[in-house]
Amino acid sequence: VRMEQSMGSQELWGGMSQKKLRVLCLHGYGQDASKFRGRTNAVRRKLEKVAELVFIDAPHVLPPPPEFLQASATGDNDENTQGSFDLKSFRGWWDRQEEDKADPNNFKTVRQVVGADESLRYLRQFIDEHGPFDGILAFSQGAVFAAALCGFAAQGIFGAKFQFKFVVLVAGFVTAVSDFAPALAQPIAIPSLHIMGKTDELIPLEWSMELATLFVDPSIYQHEGGHCIPQRAADCKVMVDFLSKFT
């Protein structure tokens, strides 16, 4: 069952069953809730018996950086290189400052960004109003943001509704963003599944492995694809098996 509910800049998708795991889904940079939902079709079908996936838009509509505009103009915006972005609804959880955008490869190392603190407040309000959620499924920039949320949750500073049973991070990486530093300062004791593509040209395997080391006893799965949510039957089974532990 699809549910769409508008709440300001937010868009919700999901069913209403209370017997299933409730999973908050955070899209990547340059996507939105609808785009991310479409990119998880196979996974959603496999998970429908155990989980209700709730997709939410990031609060910031952003101007695409030059390298994304160039990729769009040349048609080089496949899922391996740019995460299937959409120039018509280019959203993100934070953005680099203008002076940092001249270097397309510094998104991992910049410390001061625009919008991260607003996104944290936005998610806190959303979860207060619509939570609790059993876990998080997140992709790329969304996975970075989800890791920070889990770090804050593990420290108990966000309240009772921020108690996640698990997190699934796809194509995540460690960021130097100062807003997230307190969340990532100590090992995160939340069960985690880290999914990474062997041919991902945007987020190398070692970046995702580095993120996994911030969690206690992480589960790691490497798929044959690139910068995407893997959709093969074997890939989906890994996610179903992981989530089934928490039903």
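**Thr175**

I started with Thr175 in this predicted model and asked myself: is Thr175 buried or exposed? Its relative accessibility is 9%, so Thr175 counts as buried, the cut-off being under 20%. I then looked up where the residue sits: Thr175 belongs to the loop that runs between strand S10 (166-170) and strand S11 (192-197).

Next I listed what Thr175 touches. Setting aside residues up to four places away in sequence, I found Phe107, Lys108, Val144, Phe180 and Leu184. I also checked its side chain for polar partners, and a polar atom there lies 3.1 Å from the backbone nitrogen of Val177.

**Ala171, in that loop too**

I stayed in the loop between S10 and S11, where Ala171 also lies. What caught my eye was the backbone: phi of Ala171 is near 55°, a positive value, and the residue is not a glycine. I noted this down because most residues other than glycine have a negative phi. Ala171 has a relative accessibility of 3% and therefore counts as buried.

**Ser140**

I went looking for another positive phi and wrote down Ser140, at about 55°, again in a residue that is not a glycine. Where is Ser140 placed? I found Ser140 in the loop between S9 and H6. With 7% relative accessibility, Ser140 counts as buried.

**The peptide bond before Pro132**

I turned to omega values. Gly131 and Pro132 are joined by a cis peptide bond, with omega at about 5°. That earned an entry because most peptide bonds are trans. Pro132 itself sits in the loop between H5 and strand S9 (135-139).

**Helices H5 and H6**

I wanted the geometry of this pair next. Two packed helices are described by the angle between their axes and the distance between the axes, so I looked up both. At what angle do the axes of H5 and H6 cross? For helix H5 (residues 116-130) and helix H6 (residues 141-154), the crossing is at roughly 60°, and the axes come within 12 Å. The two helices are therefore oblique to each other. I also noted the hand of the crossing, which is right-handed.

Then I pulled out the residues that make the contact. H5 brings Ala116, Ser119, Leu120 and Leu123, while H6 brings Phe145, Leu149 and Phe152. By residue class, I got six nonpolar, one polar and no charged.

**Ala154, on H6**

I followed H6 to Ala154, which is placed in that helix. Its relative accessibility is 43%, so I entered Ala154 as partly exposed. Which residues does Ala154 contact, leaving aside neighbours within four places in sequence? I found Ile188, Ala189 and Ile190. I also took the C-alpha to C-alpha distance from Ala154 to Pro187: 9.1 Å in space, for 33 residues apart in sequence.

**His27**

I moved to His27, in the loop between strand S3 (21-26) and helix H1 (33-38). With a relative accessible area of 1%, His27 is buried. The contact list, without neighbours within four places in sequence, reads Asp32, Ala33, Phe36, Ile56, Asp57, Ala58, Arg91, Trp93, Phe139 and Gly142. Of these, I looked more carefully at Ala58: its backbone nitrogen lies 2.9 Å from a polar atom of the His27 side chain.

I also checked His27 against Phe145. Their C-alpha atoms are 9.9 Å apart, although 118 residues separate them along the chain. Phe145 is already in my notes, as one of the H6 residues in the contact with H5.

**Ala51**

My last single residue was Ala51, found in strand S4 (residues 51-56). Ala51 counts as buried, at 6% relative accessibility. Beyond four places in sequence, Ala51 is in contact with Lys20, Leu21, Val23 and Leu243. I took one distance here as well: the C-alpha atoms of Ala51 and Val240 are separated by 9.1 Å, with their positions 189 residues apart along the chain.

**The whole chain**

I closed with the totals. How many helices and strands are there in the protein chain? I counted eight helices and twelve strands. Of its 247 residues, 56% count as buried. I also looked at contacts between residues at least 6 apart in sequence, and 78% of them join residues at least 24 apart.

Key: Residues are numbered from 1 along each chain as its sequence is written. This is a predicted model: local features need pLDDT of at least 70, side-chain atom pairs count only at pLDDT 80 or more; totals for chains, interfaces and linings use all residues. Side-chain values use heavy atoms; hydrogens and water are left out. Helices (H or I, at least four residues) and strands (E, at least two) are DSSP runs, numbered from the N terminus. Buried means under 20% relative accessible area, exposed over 50%, partly exposed in between (1.4 Å probe, protein chains only). A polar contact is a pair of N or O atoms within 3.5 Å; within protein, one must be able to donate a hydrogen and the other to accept it, and residues adjacent in sequence count only if both atoms are side-chain atoms. Contact means heavy atoms within 4.5 Å. Axes are lines fitted to C-alpha atoms, for helices over the stretch in contact, and angles run from 0 to 180 degrees between N-to-C directions. Angles under 35 degrees count as roughly parallel, over 145 as roughly antiparallel, 65 to 115 as roughly perpendicular and the rest as oblique. A crossing is left-handed if the near helix is turned anticlockwise from the far one by less than a right angle, and right-handed if clockwise. Ala, Val, Leu, Ile, Met, Phe, Trp, Tyr, Cys and Pro count as nonpolar, Asp, Glu, Lys and Arg as charged, and the others, Gly among them, as polar.
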